Amino acid sequence: MIENTILELIENENKKKPLTDNDISKEVNTTRTYITQFRKEHNIPTSNQRRDEILHNDIKKIITDKKLISDNMLSKRLLDIGYDISRYSEIGRASCRERVS
């Protein structure tokens with residue numbers, strides 16, 4: 001059943017690089033719109049929301065260890081530990097230090 005497959009994909013995804021609705025739609029051969037509707041009906045957060053908690057915890061650890069780290073070096077450290085981000089992503093623009101304080 002497609003619903004079970006969707007739930008399994010999300011449950012087993014890489015938490016640092018969660019699957020987008022588009023990624024999931026390709027895996028189960030359906031439309032992104034269907035996946036988005038299914039996700040909303042089941043109160044499943046977006047891929048960015050699913051990633052945010054673990055991302056913010058890792059940012060806190062990095063900033064605690066090195067308080068004067070630049071945004072560029074912070075982005076590099078996050079890439080090194082498996083995140084798919086850039087300093088120009090939403091975390092870079094929102095001043096990481098303010099978001100995780």
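The exercises below work through a predicted model of one chain, each with a solution in steps.

The model is predicted, so local features need pLDDT of at least 70 and side-chain atom pairs count only at pLDDT 80 or more, while totals for chains, interfaces and linings use all residues. Residues are numbered from 1 along each chain as its sequence is written, and side-chain values use heavy atoms, with hydrogens and water left out.

**Exercise 1. Overall make-up**

Task: State how many helices and strands the chain has, and what share of its residues is buried.

Solution.
- Step 1. Helices (H or I, at least four residues) and strands (E, at least two) are taken as DSSP runs, numbered from the N terminus.
- Step 2. On that basis the chain has seven helices and zero strands, and its pattern along the sequence reads α-α-α-α-α-α-α.
- Step 3. A residue is buried under 20% relative accessible area, exposed over 50%, and partly exposed in between (1.4 Å probe, protein chains only).
- Step 4. Of the 101 residues in the chain, 34% are buried.
- Step 5. A contact means heavy atoms within 4.5 Å. Taking contacts between residues at least 6 apart in sequence, 51% join residues at least 24 apart.

**Exercise 2. The two sides of H3**

Task: Find which residues of helix H3 are buried, and which are exposed.

Solution.
- Step 1. Helix H3 spans residues 32-41, and its buried residues are Ile35, Thr36, Phe38 and Arg39.
- Step 2. These residues lie on the same side of H3, because they cover an arc of only 165 degrees around the axis. The arc is that of the directions from the helix axis to the C-beta atoms.
- Step 3. The background is helix geometry: an α-helix has 3.6 residues a turn, so residues three or four places apart point the same way.
- Step 4. Thr33, Lys40 and Glu41 are exposed on the other side of H3.
- Step 5. The cover over the buried residues of H3 includes helix H1 (2-12), helix H2 (21-28) and helix H4 (47-65).
- Step 6. After H3 comes Asn43, with a positive phi near 55 degrees.

**Exercise 3. The buried residues of H5**

Task: Name the buried residues of helix H5 and say why they line one face.

Solution.
- Step 1. Helix H5 covers residues 71-80, with Leu74, Ser75 and Leu78 buried.
- Step 2. They line one face of the helix because, seen down the axis of H5, they fall within an arc of 100 degrees.
- Step 3. Gly82, just after H5, has a positive phi of about 110 degrees.

**Exercise 4. Salt bridges**

Task: Count the salt bridges, then locate the partners of Arg50, Arg39 and Asp58.

Solution.
- Step 1. A salt bridge is a side-chain nitrogen of Lys or Arg within 4 Å of a carboxyl oxygen of Asp or Glu. The count by this rule is four.
- Step 2. Arg50 pairs with Glu13, with 2.8 Å between the closest N and O atoms. Arg50 is in helix H4 and Glu13 in the loop between H1 and H2, so the pair ties together parts 37 residues apart in sequence.
- Step 3. Both partners are buried: Arg50 has 16% relative accessibility and Glu13 has 8%.
- Step 4. Arg39 pairs with Asp21, where the closest N and O atoms are 3.0 Å apart. Because Arg39 is in helix H3 and Asp21 in helix H2, this salt bridge ties together parts 18 residues apart in sequence.
- Step 5. Arg39 is buried at 7% relative accessibility, and Asp21 is buried at 11%.
- Step 6. Asp58 pairs with Lys61 at 3.9 Å, N to O. Both residues lie in helix H4, three residues apart, about one turn of the helix.
- Step 7. Asp58 is buried, at 11%, whereas Lys61 is exposed, at 54%.

**Exercise 5. Packing of H1 and H2**

Task: Describe how H1 and H2 pack, and list the residues that make the contact.

Solution.
- Step 1. Two packed helices are described by the angle between their axes and the distance between the axes.
- Step 2. Axes are lines fitted to C-alpha atoms, for helices over the stretch in contact, and angles run from 0 to 180 degrees between N-to-C directions.
- Step 3. The angle between H1 and H2 is about 130 degrees, and their axes are 10 Å apart.
- Step 4. This makes H1 oblique to H2, given that angles under 35 degrees count as roughly parallel, over 145 as roughly antiparallel, 65 to 115 as roughly perpendicular and the rest as oblique.
- Step 5. From H1 the contact is made by Ile2, Thr5, Ile6, Leu9 and Ile10, and from H2 by Ile24, Glu27 and Val28.
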